[in-house]
Structures are given as structure tokens and as C-alpha cells.
Amino acid sequence: FQQPDTPHSTMVPPCNNGEESGTGGGGTSSQLHHPEPARQPPQLTIAYGSETGVAQDAALTLYNFARSHGLNCRFGSLDEVGIVALETAADCLPSNDLRQQLLIAACSTTGQGDPPANMRKFWRLAMSRRLTQGCLHGNGSSQSANNPHGNGDSATARLRFCLIGFGDSSYLQYNFVAKKLHRRLCLLGANSACPLALANDQDELGPDQAFLPFAETVSALLTDTFSVRCACVGSCLDAPLPPLYRVEAIAAEKSTDSTHTTAANQVVVVVGADGPRLPPPETGYQLARIVANKRVTAEDHFQDTRLITLSPAPTSAESPSPTLWSPFQPGDVLQVLPSNSQSAVSSLLSTLSHLDPETRLRVSQSDPNFPPPPDLPPAGPTLRWLLTNYFDISCVPRRSFFETLRRIAMCIGDEVATTTEEDSSRLDMEIERLGEFVRDVDELAAYCNRPRRTVAETLRDFPVSASRIRLSRLFDLLRPIQPRSFSIASLGQSGCSSLDLLVAVVRYKSKLMSEPRLGLCSNYLASAGPGSVVTVRLQRGTLRVPPVDVPLVLVGPGTGIAPFRGLVQQRHGVVNGQGDEAPAAGSAQTLVFFGCRHPEKDFYFQSDWLEWSRLWPDKFQLATAFSRPTSDSGQQTKCYVQDRIRELGADVAKLLLLGGGAVIVAGSSGAMPREVLSAVQAALTVHGGFDEAEAAGMLAEWQRTGRYQMETWS
């Protein structure tokens, strides 16, 4: 790796007991302390806790460095392999004959400062009382008495670790998981072998601004610890790497999806080799059918927002899946596994014209750390199926993509392809350009991040390099499509046959690209008509809904209002046999702040809110804010939800202070959450009798205890 020219200011020094000062922004290995040479090399584990794939991709980059030098290394999620390293270090007896554990970890933060799903077991163990202070130090608990908050000794600690967090500083719980985990491991007596690094999506160069210096430090540590020849990952771009999977063509009869109707008039989806991607049942995924797809914004409004209704889809005539959703609560989400558009797939197949799109493929294990993907069709996927349903060809490629494509272009580890003299000259230029993107993060940001160029568009720009892609390298180069989460916008009663999603379609023009930029999942759902089948999974949300007798202040501008629709129904309405609604006994007051541009353009669920205001005048209050009003809208000036909170500050303070109420904020993670927090603080100051410091401290405590919650997204 090559560090960016900008100084690396997001490295947090490790806990220090006087033995180690850290490496700052990519220091040399002479700054690091390592086990004594006579000791057996440690057991290396590279692990990730990742929600969107960014932390996983970073960990894979470090793993590629390790395997290119023949290092024996465990690789996987923190729940799979990280927990093994932690348990081994915590449970073993002090002995010079036992191998030290060296854990290199990358993790992200989700929801209300929560760990990703694939590191929750590791998180629970790390935070549990089973692990006592100093238990990871080789000298037992004696270390903690002399240095209760310090860093374990590098030579005697049972666990050494390097940790990087991936987050977005526009969220109030920015990199909370990495910060807390770093403190906890130090308290347990582990040795922080390098400073905690915090990667920020908001940095000018994105996460690479922090990751590249961190990777340099880690590569120096591995170089010195295991005596490998190469001193940094960046200078090992030409080292051969075997494919992660073995991919070969197989002969198979054509297998397609079909539907048929049972005697009970159920339309059953028969999943075959050409059908939608469906992970194993234990993952919780199932097929759903779109019942309705309705645009809820005005036709002349710039934003296309859809109200999409889905019901479960049976997949077997013999044992059809339930036609009712499992019960869900307000704040829960539906994860959707989208597919790429046919136009994007066709364009990429043209670029990869040397590969047969219809040949069945067998994907088997090559690397011991990479079992075959469990959600490929049993009959074998085709290239067309993989590009449609499995690989994310619409995302912005990361640095690792260019590193892998450069290896492919140079045929490192593969049979050399024959090229014409013209192609050879073009190939040399492409390899040089790919190397610039790997080494220079500014060049990479200008080419990819700022114009939001996709993987498919990038491969089109490097046609000769793309022509050297072999089937065995597809899984090295491309990453799986990640699920997208949407707050459920309906009430999840037992026996619910349908649910609603409110989806804002992402589509915008870029000055740097001729074609509009499209959000993968939102456009996938918007283009799916009634009867279309999609792969989904119900998931518990991060919101902790208070009891119905607790007053609530709900703030939901734009599509942030979605989870509050079902919440208000649950708190204030009960559905009887005739479908009429009546006030729920014991429910406290709910004050909803909703903001949009114009009441006639994008006032989501307007009829619901107005009807409920009529039905429950003593229990439910709606406050609206329109940022682009017209003279006939009843509002003369621009207004945002934070402005309405200040206007109704007395009501807000009364609900929160006298009624013991709670606040839930949902919506964009930009400036809105901080502006709303400031407005609530002003209400407590002006109408509650607190000074600013007291109000700020009170809100900080409410955030810690869940009385003030935020569900935001970028």
C-alpha cells in the first residue's frame, strides 16, 4: 500500500503501559514490539464483522497478503474464527509452550451502536463477565493490578490484536463498536500491536484514507513477526495468488424456474437453476410475491417513491410455505436481495464475450478458508445467473477490485493468454493505469468514488484486461450482492398476510457520467410489477419500542416516517372483526413530526395521519413541516422538522419531563439527526428549566439508556 499525501489523523494510540508507543500513520516495524525470537510464531487470524461488505473486503485484502506469502492463517467472520482466537487465548493456561494468538480484525457499527450480525457471538463473549480483567495477559491477573487500563505485554500477552473500525461520522454512534472493543480487549490484558484505526466514509478519500496506513502497519507487523520477505502489501502486487474457488464447466440439462397453480389456487414458485437467489432456510430467507407497487409521489415530483406490498410466496406444491408472515414488531425491517438489471447484465456479457453465459458451472472449494457459497443453484449456476443474481456489478469498485484485475491482466498465476500486438500495447497501458489506482487513492477517488462509476462500467473501460478474466477468477474479482434493509411500514399482527415497504427510488444524474446513477435495490423493486417474486428476510430492527403507556415523540422526515405508521397503529388502534378502529386502553399520547417538500407532492400516508388525528384527538397529534411550500399550501416559509420541534417545545418538554416520554428519530443520517437533537435540547432548556449543560447531559444519558433513539441511514 502507499499512504495518501494527507496526514492520517484517525489512528487512536493503543493503551500504553510504557512498553509501546504505537506506529502512528504507518510507522516501520522497528516501532513495534514482538514476541521474543525464540518463541514459536503466533497463530494468525484475520477476521471481520461486516454488515455491507466494506470491512469484509478490507480483511480479505490483508488475507491476500498473508496467503501470498504462505502464512498459515484462519480467515472468516469474527463469529466463525475470531471467537476461536479469543476463546483459545482466554481458556489456555499460562505456558511458554502455548502459541500466542494474533488477531487482525476489521469491524463496522450498525443501528444504535450495535455490532454486525456476523460478530455478535464474538461481541457477547468479549463483553461477558466470563472474561475477567487481565485474563488475556500471560502473567494472569497481576498485570491488571499494576496497570488496570493498560496494554498487555507484547511478549507475554496471550492475545495480540490489530483493529480497524469502519463507520460514517455523520452517525452519532460513529465507530462505537471498534472503540469499545479496543478498550475492552486492552482491559482484558490483550496487547494492542498497533493503534486503533477509524475509517470514515465521510473522509475525502473514503475509508482508504485510514485503511491504507493501517494496512501498512499490519503488513510491517506480519513481515517482522513471520520473517516474510516483502515489507509491505503494496510492493507485493505481482505475487501469485491461487483462486479462492475452483470453477469448472459441467454438462447439465437446462433447468428453469416455473410456476403452477395448486388445487387450492395457490401460485407456487418452483426454484430451479435459473431462478432467484435463495440462501439456505436456516438463514431465514424466503420468497415473497409483490402484490402491489404504487407510486405515492406526484407524477411531476422529482422523487419517485413507491409503496410496495408483499406477501409470502409458496415454493413447493407438496409442502407450500406459509401464506402468512411471521409476526413482526414496529421498527423491524425486511431485507431484500436484489438482482441486477438486464441491461447491466447484457452490457457486461458483451464485455466478457469470451465466456459462455449459458454453461453450467460447478463451484468447489479451493482455499480451505472459503467453503463454496451456500446459495448457488444445486444444478450449477450459469454465468448469466451469477451476473444477474449473485455478483454486484452495479456497485462502485473498491481498491481491491483494481488490485485483483491487475493480477488478472498480468496473468499472474494463470495461463498466459494470447493477444495481438495492438491488444498487447493496450494491455500495457491498462496495467499501468490499474497500478495507478492501486497506489494512488486520489486517482482512484477521481475515477470511481466521485462519479460513482460501477463495476460493469469499469470493466468496459478495461476491455483487454477483462478479456483475460477466467471463470476461476470471477469470485476473486466480484463480490456478492448484499441485502438492503427497509423499515416495514405496516402493522405486523399475528396472521398478517401482507406487509408494506416505503421505497424512495435512487436515480440521479452525475456531471461526470453520461448515464444516470441508479440505486440497485430501489430500482429493482420499482421495476417489479405485481406477481414478481423477490427474495426477502424478516429481521429484528434496532429500535426498542417503549410500552404503550409511555408518551412518544416521533420524528420522521421523508421515508423516515415508515416505521412509525405501524407503531402508531399498534399503540392507538385495535382491529376488530369488522375492521373498525378504536382507541387502545392505556395508551399514552403520541406526537409525530413529519417533514416533506410539499403537502401535495410527497406527503406520505397523508390520509392515515389525518384519519387517526380525527379518531384519537386526545392521543395522537401530527405536526407537519414543508420545506418547499407554495402560497396555497397553508405555509408561507420553508420549515423543517427541527423548526416545528422548537415551535412546539412546550408540548415536547411536557411529554418528556412530566410524562416520562421517549424520543425516536428516523430518517437520513445527514444533518437532520443533529439538528433534531439540538431542537429537543432547546425545548428542555427553554421549557424545562435546565441549562444547556444539564439538558445535553440528560439527552446523552437518554441515548445510553434507549430513551432517545435514532434509526438513520445514508
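Me: Hi! In this predicted model, which helices are included in what covers the buried residues of α10?
Reply: Happy to help. The buried residues of α10 are L427, E430, I431, L434, G435, F437 and V438. They span an arc of only 155° around the axis, which means that they sit on the same side of α10. What covers them includes α9 (399-409), α11 (441-449), α12 (455-461) and α13 (463-466).

Me: And which exposed residues does the face of α10 turned away from its buried side carry?
Reply: Helix α10 runs over residues 421-439 and reaches 27 Å from its first C-alpha to its last, close to the 27 Å expected. On the face turned away from the buried side, the exposed residues are E421, E422, M429 and E432.

Me: Which helix gives the largest share of the largest nonpolar core?
Reply: That core has 79 residues, and L44, I46, L387 and F475 have the most contacts inside it. It draws at least three residues from each of domain 1 (43-226) and domain 3 (342-477). The largest share, nine residues, comes from helix α6 (residues 208-226).

Me: What is F475 in contact with, leaving aside its neighbours within four places in sequence?
Reply: F475 is among the residues with the most contacts inside the largest nonpolar core. Its partners, with those neighbours left aside, are L244, Y245, V247, V363, P373, L376, L386, Y390 and F391.

Me: Where does the pLDDT stay under 50, in a stretch with 49 contacts beyond four places in sequence?
Reply: For the chain, the mean pLDDT is 84, and 81% of residues reach 70 or more. Residues 16-38 have pLDDT below 50, with 55 contacts beyond near neighbours in sequence. The stretch with 49 such contacts beyond four places is residues 255-271.

Key. Residues numbered from 1 in each chain as written. Predicted model: local features only at pLDDT ≥ 70, side-chain atom pairs only at ≥ 80, totals over all residues. Heavy atoms only, no water. Helix = DSSP H or I, 4+ residues; strand = E, 2+ residues; numbered from the N terminus. Expected span 1.5 Å × (residues − 1). Buried < 20%, exposed > 50% of the residue type's maximum accessible area, 1.4 Å probe, protein only. Arc of directions from axis to C-beta. Contact = heavy atoms within 4.5 Å. pLDDT = per-residue confidence, 0-100. Core = buried A, V, L, I, M, F, W, Y, C linked by side-chain atoms within 4.5 Å. Domains from an automatic or database assignment.
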